[in-house]
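Trainee: Can we go through this one together? I'd like to start with how the helices pack.
Mentor: Fine, here it is.

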Amino acid sequence: MKKRGNDNAMGARALSLFLSTRGISQVELALALKLSKASVCRWVSGDRAIASWQLPRIAEILGLSPDEKSLLYNAATPKAFAFREGSLDELEVAYTPSEYF
């Protein structure tokens with residue numbers, strides 16, 4: 001089993017953040033994608049990379065803005081893009097818990 005310190009960690013962190021801020025569970029995302037809950041769980045835990053062909057559908061389901069979509073794509077495909085880790089930190093600050101809970 002892979003650890004969170006790998007290339008999948010940034011995609012996992014971004015997906016987890018977007019799921020929580022949208023109030024969408026892993027089960028709901030899995031159902032919408034017609035995948036097993038285990039597949040989505042592995043993405044969120046960082047055990048597996050998010051399938052790049054699934055990214056457009058994930059962004060659509062989560063209702064991501066163009067900037068958020070770009071952030072998810074960059075985080076989920078770090079070898080294909082120059083991703084700044086700080087940009088995800090900035091997004092997390094923008095989504096303060098008081099706005100959603």
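**Helix packing and core**

Mentor: Leu-55, Pro-56, Ile-58 and Ala-59 of α4 meet Lys-69, Leu-72, Tyr-73 and Ala-76 of α5. Contact here is heavy atoms within 4.5 Å, and helices are DSSP runs (H or I, at least four residues), numbered from the N terminus.

Trainee: How do the residues of that contact divide into nonpolar, polar and charged?
Mentor: Seven are nonpolar, none polar and one charged. Ala, Val, Leu, Ile, Met, Phe, Trp, Tyr, Cys and Pro count as nonpolar, Asp, Glu, Lys and Arg as charged, and the others, Gly among them, as polar.

Trainee: Before I go on, what kind of model is this?
Mentor: This is a predicted model: local features need pLDDT of at least 70, side-chain atom pairs count only at pLDDT 80 or more, and totals for chains, interfaces and linings use all residues. Residues are numbered from 1 along each chain as its sequence is written, and side-chain values use heavy atoms, with hydrogens and water left out.

Trainee: Back to the packing. At what angle do α4 and α5 pack?
Mentor: About 140 degrees, with the axes 10 Å apart. Axes are lines fitted to C-alpha atoms, for helices over the stretch in contact, and angles run from 0 to 180 degrees between N-to-C directions. That makes α4 oblique to α5; angles under 35 degrees count as roughly parallel, over 145 as roughly antiparallel, 65 to 115 as roughly perpendicular and the rest as oblique.

Trainee: And α2 with α4, how do those axes cross?
Mentor: At roughly 125 degrees, and the axes come within 11 Å. That makes α2 oblique to α4. Leu-29, Ala-32 and Leu-33 of α2 make the contact with Arg-57, Ile-58 and Ile-61 of α4. Five of the contact residues are nonpolar, none polar and one charged.

Trainee: New topic. Which residues touch the most other members of the largest nonpolar core?
Mentor: Leu-15, Phe-18, Trp-43, Ile-50, Ile-58, Leu-62 and Leu-72, out of 21 residues. Such a core is a set of buried Ala, Val, Leu, Ile, Met, Phe, Trp, Tyr and Cys residues joined through side-chain atoms within 4.5 Å. α1 gives the most to this core, with five residues.

Trainee: Last one: is Lys-34 buried or exposed?
Mentor: Exposed, at 77% relative accessibility; the cut-offs are under 20% relative accessible area for buried, over 50% for exposed and partly exposed in between (1.4 Å probe, protein chains only). Lys-34 lies in the loop between α2 and α3, and has a positive phi of about 60 degrees although it is not a glycine.

Definitions and conventions:
Helix = DSSP H or I, 4+ residues; strand = E, 2+ residues; numbered from the N terminus.
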